[in-house]
Amino acid sequence: MLPTLLLLICAPLCEPTGLILTYSPSWLVDGSPLTLTCVNQLHQRLPAQTQFRFLKNGSPLGRGWAHSSQYQVAAVWSEDSGYYQCEVWTAAPRTIKSKVVRIDIQRMPVRNVTLETQPAGGHVAVGQTLVLACLVGGGSGDISFLWYRGALGLNLETKTQRSLSAKFEIPAVRESDSDQYYCAANNGYGPRLSGLVSVTVTVPASRPVLTLRAPAGQALVGDTVELHCEAQTGSPPILYRFYHDGVTLGNSSAPSGGGVSFNLSLTAEHSGNYSCEADNGLGAQRSEVVPLSVTVPEENRTELTTMVIIEGLFGILGLLTAVLLICCWCKKKTGQPSARDSVRSPPCPPPRESTYLNTTAPEQRQPIYENVNVGRGDEVYSLAYCVQQEWQPAAAERLRMPADGLDPSVIYSGVRKVDVEDEDDDYEDAM
């Protein structure tokens, strides 16, 4: 009884099935396509109504029974490794199974791991989103991606997915996020690291502050005033521009941040409103307007006033000279004699009769004066002449005892009144 029972159990296992399960390609890696084929090696032809089914580890694949002797998988992975077989169902009804076949899918290690930043170049403004993308040039299966910050490797994030790339985002970066970053990828064969990537978080320049620095606290003409412009925050380099009443005076750059100065030698025209501007490529910021009043010193004012007066006098003299020239020209045109001609040719006055009280020789009487008209109607000049007289002894004897009490050493002369331009003036000359 026992031998019969063992025969009944072993008979199906020892009986050749006539079915063989094959697969292609023979070398499978993660992501490879797989084709399973159930090959009939029975001595008899299978009927048309025969159906096939494929199993993995004893479980049916797909929808179960089908009329096709092939079963295709678009991509298999390492976890798809296992024991496969096929079976046939005939109309007998009878079920025939193939032998079990071990299929292994190999996992490819990751390679060429790189880290990229968005925006490109690693420059991002404060408040913007920073994207760190970890990429692998090859690999299979599920890959774990890890992101690190700094040389010490502070882990920021870990993601596991069946993909050759993964992204990590910082929604709103801060200035403190400036650092070096790298990533790693691992699919079971050990982590592969990317290179270090520097990330610079740029800060827009704040509104600058303009300061005017005068030597003595008061801006005077001739002084040198320092215009200092500085933005308290902002990533370098910062370009500063200086303005006077909206007109650009000059510009200067601060490669390492901080402020800059602009020196200005003052004149009276430099009074007005000043401002400055800071720009680091993330938007220019203008300072508040600072007024400046340039004081003119007293000595400079006196010199300026004197110059103005002198210029005014020269202008008046020039005008008077032009008027006199025009008047002279008009007189010449009308034939009137000029005052200069009157001086050169004074009119001869009528003979004047002189009375000499101290001489008895009437033939020696000569006029000792004459009136001269120099061209101005309200003035008359008299010319007096001194005449040497010869003294006779007899006359001298008589004069020793003057009867009228006159001094014999004095010459007395009488001058008549002369009418000049209808005006009566009296002249008396004594010598």
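Colleague: Which residues does L115 touch, not counting residues up to four places away in sequence?

Modeller: Keep in mind that this is a predicted model. L115 is one of the residues with the most contacts inside the largest nonpolar core. Leaving out residues up to four places away in sequence, L115 touches L132, A133, C134, W147, Y181, Y182, C183, S194 and V197.

Colleague: Okay, and which strand gives the most to this core?

Modeller: The core has 21 residues. Strands β11 (111-118), β13 (130-138), β14 (143-149), β16 (165-170), β17 (179-186) and β19 (197-202) each supply at least two of its residues. The one that gives the most, with four residues, is β13.

Colleague: How many residues are in the other core, the one with A205 and V225?

Modeller: That core lies apart from the largest one, and its members include A231 and A254 as well. Its residue count is 19.

Colleague: Let's go to the surface. Is I316 buried, partly exposed or exposed?

Modeller: I316 sits in helix α2 (residues 298-334). Together with I309, L313, L317 and L320, I316 makes a nonpolar surface patch of about 480 Å². Buried means under 20% relative accessible area and exposed means over 50%. I316 has 48% relative accessibility, so it counts as partly exposed.

Colleague: Now the whole chain: what percentage of its residues is buried?

Modeller: The secondary structure of the protein chain comes to four helices and 31 strands. Its accessible surface is about 27500 Å², with 56% of that belonging to carbon and sulfur atoms. Out of 431 residues, the buried share is 29%.

Terms used:
Residues numbered from 1 in each chain as written. Predicted model: local features only at pLDDT ≥ 70, side-chain atom pairs only at ≥ 80, totals over all residues. Heavy atoms only, no water. Core = buried A, V, L, I, M, F, W, Y, C linked by side-chain atoms within 4.5 Å. Buried < 20%, exposed > 50% of the residue type's maximum accessible area, 1.4 Å probe, protein only. Contact = heavy atoms within 4.5 Å. Patch = residues over 30% accessible without salt bridge, like charges linked within 9 Å, V, L, I, M, F, W, Y side chains within 5 Å. Areas by Shrake-Rupley, 256 points an atom, 1.4 Å probe, with all protein chains shown as cover. Salt bridge = Lys/Arg side-chain N within 4 Å of Asp/Glu carboxyl O.
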